[in-house]
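Some questions follow on how one strand and one pair of helices are placed. Each answer gives its reasoning before the name or value.

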Amino acid sequence: MLGKGVVGGGGGTKAPKPSFVSYVRPEEIHTNEKEVTEKEVTLHLLPGEQLLCEASTVLKCVQEDSCQRGIYGRLVCTDFKIAFLGDDESALDNDETQFKNKVIGENDITLHCVDQIYGVFDEKKKTLFGQLKKYPEKLIIHCKDLRVFHFCLRYTKEEEVKRIVSGIIHHTQAPKLLKRLFLFSYATAAQNHTATDPKNHAVMFDTLQDWCWELERTKGNMKYKAVSVNEGYKVCERLPAYFVVPTPLPEEDVPRFHGHGIPIWCWSCHSGCAFKMSALPKEQDDGVLQIQKNFLDGIYKTIHRPPYEIVKTEDLSSNFLSLQEIQTAYSKFKQLFLIDNSTEFWDTDIKWFFPAESSSWLDIIRRCLKKAIEIIECLEAQNMNVLLLEENASDLCCLVSSLVQVMMDPHCRTRFGFQSLVQKEWIVGGHCFLDRCNHLRQSDKEEVPVFLLFLDCVWQLVHQHPPAFEFTETYLTVLSDSLYIPIFSTFFFNSPHQKDTNMGREGQGAQSKPLNLLTVWDWSVQFEPKAQTLLKNPLYVEKPKLDKGQRKGTHFKHQRQLSLPLTQSKSSPKRGFFREETDHLIKNLLGKRISKLINSSEELQDNFREFYDSWRSKPPNYHGLLLPHIEGPEIKVWAQRYLRWIPEAQILGGGRVATLSKLLETMEEVQRLQEKIEERHHSQEALQAEAASLLRTSARLSSLFPFALLQRHSSKPVLPTSGWKALGDEEDLAKREDEFVDLGDV
Amino acid sequence: MASAPTSKYNSHSLENESFKRTSRDGVNREIGEALPRLPGETRITDKEVIYICPFNGPIKGRVYITNYRLYLRSLETDSALILDVPLGVISRIEKMGGATSRGENSYGLDITCKDMRNLRFALKQEGHSRRDMFEILTRYAFPLAHSLPIFAFLNEEKFDVDGWMVYNPVEEYRRQVLSWIHPENKTVIMRCSQPLVGMSGKRNKDDEKYLDVIRETNRQVNKLTIYDARPNVNAVANKATGGGYESDDAYHNAELFFLDIHNIHVMRESLKKVKDIVYPNVEESHWLSSLESTHWLEHIKLVLTGAIQVADRVSSGKSSVVVHCSDGWDRTAQLTSLAMLMLDSYYRSIEGFEILVQKEWISFGHKFASRIGHGDKNHADADRSPIFLQFVDCVWQMSKQFPTAFEFNERFLIIILDHLYSCRFGTFLYNCESAREKQKVTERTVSLWSLINSNKDKFKNPFYTKEINRVLYPVASMRHLELWVNYYIRWNPRIKQQQPNPVEQRYMELLALRDEYIKRLEELQLANSPKLSDPSTSPSSPSQMMPHVQTHF
């Protein structure tokens with residue numbers, strides 16, 4: 001029954017000004033009629049996943065070589081995903097799809113990944129929501145990972161259209177209860193599957209021990225202590241069960257304002273440390289205000305007192321970005337990449353810079369990076385502590401503090417270290433992923449891509465300093481996609497408290513044992529080992545260990561203690577922690593503290609410039625302080641994430657991928673030669689090199705590898721279809737000849 | 001002295017301003033030692049000046065002027081600034097401040113350069129030092145106005161390789177000239193200037209016949225495609241002056257397309273705007289919109305798009321192609337040479353690219369003298385235009401998109417552009433071959449290719465992979481085009497990109513290691529005894545040198 005769709009009937013030409021033009025006429029659609037064979041297309045369901053509704057004879061429109069092609073198949077909606085089951089699976093057998101996600105297929109869209117749904121009615125494109133009176137002939141789904149799907153429903157039975165369209169709209173857009181997240185049905189059903197121990201992938205920061213380790217690693221354990229005052233979330237549901245505060249801080253201070261106003265340690269380095277602190281609730285009552293003031297004075301006195309250095313307060317709520325700005329910027333920016341077809345791509349191409357900039361997404365990235373450098377300057381060059389202040393200390397605090405750590409602490413540039421950092425600052429740090437990603441569709445206002453902004457900032461660093469990170473941009477891209485896969489608990493809670501209470505760790509009836517949820521850091525859930533090699537940066541060189549005698553294996557446990565950030569790029573000699581303490585004390589007493597505190601902003605700007613320029617003038621040390629370049633031309637669009645599904649934007653056999661695959665090739669060759677030599681020396685068994693990577697498998701990779709599944713098969717060029725445009729003020733120049741030639745004489 | 005080996009000076013040519021905080025041996029040194037000189041270069045004068053560096057503030061220095069360059073050395077101990085500027089790059093010299101000028105460093109010279117920078121020097125008001133410097137600079141920067149020879153004719157450099165031998169010029173240009181023939185389908189790319197049609201649609205029998213002949217040489221397809229580089233409206237307008245475009249009724253079996261590329265004046269203004277946004281300060285928070293307002297990348301996009309169309313038509317459309325614009329030596333040269341780069345991998349080698357430039361640009365009459373204004377003082381000449389620069393920019397965009405497809409690196413493109421202006425070599429002098437012949441350029445000057453080819457390693461791209469039949473289509477989308485920071489913004493120390501590129505460096509290390517291993521393996525095979533125990537070739541050393549090779553797998 002498949003493939004027998006009646007192709008014909010004139011395309012409507014009545015509408016004078018269609019807001020949506022379907023560039024494919026029915027007769028242009030090449031159906032794959034040869035393959036009408038009764039091929040059974042099976043729907044793969046995860047444990048606990050249930051089919052909700054489906055429709056057959058749906059035509060998925062695919063772009064190839066700037067013409068459209070249709071594939072017939074079944075469109076289904078489950079409680080986990082929307083899936084299209086086409087009978088044209090042959091396209092999947094090429095090399096590029098070896099980077100296959102085991103959970104999300106090429107034609108799968110998790111319900112949380114759906115961004116916007118449009119319907120096409122008489123060639124007009126309209127947003128779909130709520131109850132529909134009329135059902136569209138075509139469904140367009142824009143995804144949060146920037147894929148765009150076109151499903152033509154013209155040949156589908158009417159009742160099936162109704163069922164699938166309203167089903168999809170309901171299950172992706174209607175507000176949901178937390179308990180109804182697929183996460184729980186999956187975890188219940190997959191109870192027997194043994195998940196790997198999360199501790200293999202990251203420090204989870206859900207035990208006191210984890211915090212103690214982190215203190216030890218950053219040599220912060222002399223001045224700070226891990227406290228368990230919030231165990232069982234007795235004090236505050238917003239804070240993690242365990243966290244770190246300055247040693248002299250009385251633990252009984254913590255509950256006074258439910259943890260507000262308490263400086264919570266983020267990270268230490270030899271010259272300073274970063275705290276975050278949530279602001280105290282705004283009060284009108286003068287009496288309460290006075291109490292608050294005294295309380296804060298006490299806190300400041302505690303952390304100002306030697307051995308604590310002076311503290312610079314950075315209020316991120318008032319003079320930095322607002323969440324509103326980030327939200328607006330991203331919603332404009334993403335539109336640039338949600339492109340319906342080739343014509344739209346080229347029509348918007350020539351004027352592309354303007355909307356790209358007016359979205360201000362790139363400028364926001366620049367401001368975040370700059371803020372991080374400013375804070376590093378305080379920590380590194382001025383030996384100050386920095387206190388990051390924000391209303392709930394769970395958005396921009398997370399962003400800025402983790403950026404600072406990525407730049408200063410080379411451990412955070414390893415995969416294990418980065419994952420631990422995200423655990424510490426974001427997951428346990430209480431970033432409201434559930435609200436910020438709007439997973440429950442309860443409030444669009446709360447949906448702000450703060451974490452994505454962080455990933456984009458890190459991408460800028462990865463892009464500018466290719467050898468500095470153990471992970472690749474592909475890693476960041478798939479991490480950003482993982483925000484919307486509700487089988488991992490990582491990004492589906494607002495706080496550790498919320499997670500713990502809903503997982504049945506406490507307060508649950510006796511009949512259920514605690515659910516065992518998967519962590520996103522277990523990449524083997526999503527990718528085969530071969531595909532996982534693409535997450536690992538071949539350019540990364542581990543930090544050379546100076547003392548060979550103490551060289552240890554690369555077991556995770558050891559890595560924790562391994563890297564106190566070195567600051568070779570700093571001009572002043574490296575300082576000890578205690579030796580110069582007295583020095584500091586004197587300086588503080590002599591009023592350096594006062595002079596620093598009354599620093600004018602202009603002076604700060606100069607300090608910043610000097611610090612930044614001096615860092616830039618030296619070759620970068622990939623195992624030391626790493627700063628981004630923040631001049632206008634240096635902030636780039638994260639092409640792999642944003643352009644990956646646009647066939648026109650692919651450079652076949654080009655981009656950085658081309659040089660990287662050459663590099664890998666040579667690496668393998670060197671490896672082979674090395675083995676040969678070793679074999680000749682001692683006829684011992686050579687190490688079996690793992691078949692290196694997918695990068696080698698196909699001859700000509702796309703610049704957007706390993707994504708870009710809609711590959712172009714021929715070598716035909718993509719020809720821009722847009723043309724000449726008026727130049728405005730230069731019109732008179734434009735009309736002139738190149739130069740005057742008297743043609744009469746020729 | 002004149003016959004001394006000269007290549008040691010090569011690396012000095014047009015290097016960036018270099019700031020080094022370490023002070024060298026001493027300030028007072030012999031002039032002969034302080035000043036690099038090419039054979040044939042003579043020192044004219046020197047002056048104490050204050051160089052007003054736009055990035056680091058005023059720096060006291062001594063400026064030396066020769067008949068080839070302006071050379072400045074800092075006199076301050078904490079700065080080792082050196083400025084080495086061939087006089088050929090100077091476009092304009094202006095006096096700033098007058099006798100009544102007050103204020104620090106307000107009296108001096110402002111020099112506008114063709115390579116995207118300005119130089120400002122403050123001089124003492126007394127003693128005519130500014131007048132002297134102005135007159136000497138004017139004289140040697142614009143020798144044509146003073147009946148002096150261009151420096152290329154005085155240059156006595158000797159190289160191991162003779163760059164003039166790279167290309168054997170064919171004495172044909174300006175009229176329908178065969179540019180390239182497809183090795184398999186025998187379609188051709190040809191170029192010409194606009195046909196003579198005229199206002200009333202009068203026809204030129206010879207033109208029509210010529211195109212017919214071209215069409216007939218291709219037996220596979222009885223069609224000819226004509227690409228007119230101009231925007232459609234301009235071509236119509238040109239009919240009024242006797243030019244125009246091929247009309248269907250006059251030219252049978254020929255398809256005509258317009259490629260919408262703007263003229264030399266638009267390009268000149270566009271580049272001026274680029275300079276405004278990058279020199280001396282880079283627009284920070286509104287970078288993309290200011291970049292867009294220059295239109296520079298849009299023009300690049302249209303040129304690339306045109307070239308892709310030409311190349312595609314030839315390689316898959318199986319039709320011969322004629323390319324023209326109004327004159328046939330600007331946009332036409334860009335389009336044909338870029339199409340040839342896309343279609344024929346030979347032109348992507350160092351030598352091939354030199355031949356391409358020599359053939360499509362120099363020999364076929366791109367009017368370098370008019371477009372660049374070598375030795376000419378008329379900085380506002382309407383004939384000047386950065387057409388060749390725009391072509392090189394397109395090549396750079398392609399090499400950026402296909403980093404393994406070109407034998408040459410970015411440095412190669414930059415040195416070509418530097419010597420496009422420098423007047424040290426004869427390569428880009430004059431408008432056409434006949435003028436060059438009259439001046440005996442090949443006998444009396446040195447070719448730029450001599451310098452490059454005797455030092456090829458410096459200009460090689462280590463990632464280059466020769467793929468003979470690979471057709472290369474760049475993606476002419478604004479989403480991929482970038483401003484060539486390392487060229488346009490190279491004077492700004494804050495923007496300067498990491499040199500060398502870490503990926504490239506890493507690759508070079510690997511290549512060296514590979515070669516070492518291969519050598520060692522050969523030695524081991526020669527020795528024919530597997531149990532050598534020479535400590536220097538101990539097997540553990542490689543893994544210590546390159547720990548990552550092990551950690552990665």
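Q: Which residue stands opposite E390(A) in β14(A)?
A: This is a predicted model. Strand β12 (residues 272–278) of chain A and β14(A) pair in the parallel sense over five bridges. The residue opposite E390(A) is S278(A).

Q: Which residue stands opposite V386(A) in β14(A)?
A: Strand β13 (residues 311–315) of chain A also runs parallel to β14(A), and five bridges join the two. Opposite V386(A) stands K312(A).

Q: How many of the residues of strand β14 (residues 385–390) of chain A are buried?
A: In a regular strand the side chains alternate between the two faces of the sheet. On one side of β14(A), N385(A), L387(A) and L389(A) are buried, and on the other V386(A), L388(A) and E390(A) are buried too. Both faces are therefore covered, and the number of buried residues is six of six.

Q: Are α10(A) and α13(A) roughly parallel or roughly antiparallel to each other?
A: Helix α10 (residues 415–427) of chain A packs on helix α13 (residues 473–482) of chain A with the axes 13 Å apart and at an angle of about 30 degrees. Angles under 35 degrees count as roughly parallel. The two helices are therefore roughly parallel.

Q: How many nonpolar residues does the contact of α10(A) with α13(A) have?
A: The crossing of these helices is right-handed. From α10(A) the contact takes R415(A), F418(A) and Q419(A), and from α13(A) Y475(A), L476(A) and L479(A). By class, one residue is charged, one is polar and the nonpolar ones number four.

Technical notes. Residues numbered from 1 in each chain as written. Chains lettered and ligands numbered in written order. Predicted model: local features only at pLDDT ≥ 70, side-chain atom pairs only at ≥ 80, totals over all residues. Heavy atoms only, no water. Axes fitted to C-alpha atoms, helices over the stretch in contact; angles between N-to-C directions. Helix = DSSP H or I, 4+ residues; strand = E, 2+ residues; numbered from the N terminus. Parallel < 35°, antiparallel > 145°, perpendicular 65-115°, else oblique. Left-handed = near helix turned anticlockwise from the far one by under 90°. Contact = heavy atoms within 4.5 Å. Nonpolar A, V, L, I, M, F, W, Y, C, P; charged D, E, K, R; others polar. Buried < 20%, exposed > 50% of the residue type's maximum accessible area, 1.4 Å probe, protein only. Pairing = 2+ DSSP bridges.
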